[in-house]
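Visitor: Please show me how to read a protein structure, one feature at a time. I am new to this.

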Amino acid sequence: MQSISAGNPVHKETGQAAKWREKGNSSFKTRDYTAAALHYSQGICFAPQSSEQLSLCYANRSAALYHLQHYQESLEDIDKAVENGYPSHLSHKLEERRIQCLKHLSVVDKAKEEHPGVAAENHKNPDGLKKASTGLLKSGIIPQTAVHFSAEKGRHLVAVERIAAGEELLNDRPYSCVLIPGMEEVKGTDMQRGVLFGTEHRRCHRCLTETSCPVPCEGCSYSRYCSTSCQRNAWDEHHRWECPLGAELMVMGVMSQLALRVTLKAGLKNIQIAREPIRDQHEKPKPSCVNQPDPSISHYGDSYLSVFHLLHHLNRHSPGVRFLCAVTAATLHQKLRKAGPPPASWHLSRPSGANGKSQDGEKEGDDWSSKLWLLGSAVLRHILQLRCNAQAVCTMQDTGSANSLVQSSREIRIATAIFPTLSLLNHSCCPNTSLVCSTGTSTDPSGPDLSADLSGRGAEYRSTSNGITATVRASKVISAGQEILHCYGPHSSRMGTKERQLLLQEQYYFLCQCEACTLQQGKEEEGTEGRQQRSGDGESLQQFRLLCGKCKGSLKKSTDDKGKGFMCSQSPCGHHVSSSEVSRRLQEIQVDQERAVDLMERDRPDEALKLLKKTLSQSGLILAETHPLQGQLEDAAARAYATTGDWNKAASHLERSTVAISSQYGEDSIELGRQLFKLAQLHFNGGARGPALSVFPKVRRLLCLHCGPHCNELQELEAMEGCLRG
């Protein structure tokens, strides 16, 4: 472990700080202030405390933030530069910048005084964070549902009353989460090639808020936060232990780190209480305990008990997986032995006196050593649990150019988390719910949440500064008695039944027999299933809706050669095409589509359009308008025309892409809603008042259904509609 982790140094280093500051200077000279700020932030994270490099990086970042019009943050960096010994002969630069920042802020304050209503609204929701609908519990499950248990399904959620489509079912915050390192492209304002930065560079390591001016950990160069509040809470909760183990944790992976983080947050006291039912399983129950609920089949809200009793499937994991998990937990155990006793907030089971000794005379350090095995045991349990219970935290990432007038985005996974309440939902390949994750530091105005701990004595502190929230809505009407279902990833609109069932069996240890699997399996066995089959090899795009090259009729799987070819469905034609020929042509179209997108990413829309026109003329000979690849081509063409300012042609191509989106994902899907939102933007930018107003209601219905009435897209839609109606 030490040998492997040596390649991931996380210690402070002056040389690295200077290197990143120079990169920031290069970006600053080209006026790419976003990239410059991120480079300077890297330098700040690497710079040792109170070093000259730290003061220089803060001073330089204040300049980048000033040009990004982040005047308050620029002032804060100026103060930090001075606090860390910024050279006195250069201090006049900082003072001049301070004066300019204060001037700009005074203008903002004056605007607030003149327009108090707008200012107050912006102050309430500065980041456009989604607000919960009225009447829903701030964190929990609505009263129209109940937690049930069965031996076959385990704990699950059932509707006890009719639930309307679009209604919020639950809001849940993660018990803990870990950010996933990964490269993202940060596009500068100069339209040059983007600069690559990871999610770990751009987001708070506690609440996942995106920030260009992170607060660094004082002990390592890796962890960073959006505020001193998040930094302090993370330190108290888990980072005081993780900080010296940063390199090892990066090698062990996200799941191992999350398991450790859950354990550290819970503390020994809560782990001991959660283990009590397990310890007593082989003992005779006391008369007073006979009627107590079984914790493994009960739900305890967002407390540690709900997390501890998630299924770990110990007997279903392979021996190799169990051994690897055990070695990982043992390694963490050995590392933590050297870290010393835990903080007082861990609430050790035996109260200590003023002399630092427990009631039986044993020192707290000795008590910690004797109980450390309990922590390792909990870490191992959570590693096994997370293989089946971890939830991806996803967000929409802008993929368009910095100055694009039309939304272009994709969903990316930024963290892995454990949600106590969300984990109640079982899987369906055609779920009756939609899930939206929001991140940030928005807090409940009611103040800190101090929930009673498992023993009823004292309180288990849970900070509200962590604004990560998972919101589940009904995507269709749910009748009383119906189970509330969530998709674990394999969705019927994205892959075939056999592939979905295989993935679910391998990761979650069950054979899915949901409605989609039951209905589609028979069709696939008959060869009439029209969905894509992604095999992962060169034949990644198979039959969806293919056209006969002779008569334009639809192709279907041939029965003469054991389904290895395609035959025209029109009996007078009977044209036959081999599977290899179909795969070759689809692959060529796919490659051309990807090349066109790459050309647009490099700001060469004219070349992209030329390639797309050629490819569209060829794809029309084999792909129906409902084929997803045809939809991707039309979407790319719309993006290219929008880049050149030809809004009408862009809208025409995007309308054709919605046909494929609707066919693949359905008329009520969020995918169609997002595509129609782009169409609304195109009509608006092109001044097409009638077409824009006609598409607005469809967009509003779908976005409200899946994202709620306060999502950012709907706010933009309202602004566009207000402008058009004048």
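**Reading the chain step by step**

Guide: Let us start with one residue: aspartate 603 is partly exposed, with a relative accessible area of 36%. Buried means under 20% relative accessible area, exposed over 50%, and partly exposed in between (1.4 Å probe, protein chains only). This is a predicted model, in which local features need pLDDT of at least 70 and side-chain atom pairs count only at pLDDT 80 or more, while totals for chains, interfaces and linings use all residues. Residues are numbered from 1 along each chain as its sequence is written, and side-chain values use heavy atoms, leaving out hydrogens and water.

Visitor: Where is the place of aspartate 603?

Guide: Aspartate 603 sits in the loop between helix H17 (579-601) and H18. Helices (H or I, at least four residues) and strands (E, at least two) are DSSP runs, numbered from the N terminus. Although aspartate 603 is not a glycine, its phi is positive, about 60 degrees. Lysine 552, also a residue other than glycine, has a positive phi near 70 degrees. Lysine 552 lies in the loop between helix H16 (515-526) and strand S18 (555-557), and its 39% relative accessibility makes it partly exposed.

Visitor: How many helices and strands are there in the chain?

Guide: The chain has 23 helices and 20 strands. Of its 726 residues, 49% count as buried.

Visitor: What does leucine 621 touch, not counting residues up to four places away in sequence?

Guide: A contact means heavy atoms within 4.5 Å. By that rule, leucine 621 touches Leu547, Cys548, Gly549, Lys552 and Arg585. Notice Lys552, the residue with a positive phi. Leucine 621 and cysteine 548 are 73 residues apart in sequence, yet their C-alpha atoms are 7.7 Å apart in space. Leucine 621 belongs to the loop between H18 and H19 and is partly exposed, at 44% relative accessible area. For the whole chain, take the contacts between residues at least 6 apart in sequence: 67% of these join residues at least 24 apart.

Visitor: How do the axes of H18 and H19 cross?

Guide: Axes are lines fitted to C-alpha atoms, for helices over the stretch in contact, and angles run from 0 to 180 degrees between N-to-C directions. Here the two axes come within 9 Å and cross at roughly 150 degrees. That is why H18 counts as roughly antiparallel to H19; angles under 35 degrees count as roughly parallel, over 145 as roughly antiparallel, 65 to 115 as roughly perpendicular and the rest as oblique. The contact of H18 with H19 involves 9 nonpolar, 4 polar and 2 charged residues. Ala, Val, Leu, Ile, Met, Phe, Trp, Tyr, Cys and Pro count as nonpolar, Asp, Glu, Lys and Arg as charged, and the others, Gly among them, as polar. On the H18 side, the residues include Leu609, Leu612 and Leu616; on the H19 side, Leu633, Ala637 and Tyr641 are among them.

Visitor: How many residues of H19 are buried?

Guide: H19 is mostly covered, with 12 of its 16 residues buried. Among them are Leu633, Glu634, Ala637 and Tyr641. The covering elements include H17, H18, H20 and H21. Just after H19, glycine 645 has a positive phi of about 90 degrees.

Visitor: What should H19 span, and how far apart are its end C-alpha atoms?

Guide: The expected span of a helix is 1.5 Å times one less than its number of residues. For the 16 residues of H19 this gives 22 Å, and the end C-alpha atoms are 23 Å apart, which agrees. H20 (residues 647-665) has 19 residues, an expected span of 27 Å and end C-alpha atoms 26 Å apart, which also agrees.

Visitor: Which helices do the buried residues of H20 pack against?

Guide: They pack against helix H18 (605-619), helix H19 (628-643) and helix H21 (670-685). An α-helix has 3.6 residues a turn, so residues three or four places apart point the same way. The buried residues of H20 include Trp647, Ala650, Leu654, Thr658 and Ile661. Threonine 658 has a relative accessible area of 12%, so it is buried. Leaving out residues up to four places away in sequence, threonine 658 touches Leu672, Gln675 and Leu676. After H20 comes glycine 666, with a positive phi near 110 degrees.

Visitor: Is glutamate 248 buried or exposed?

Guide: Glutamate 248 counts as buried, at 11% relative accessibility. Its place is in helix H10 (residues 246-252). Beyond its neighbours within four places in sequence, glutamate 248 is in contact with Met1, Ser5 and Lys335.
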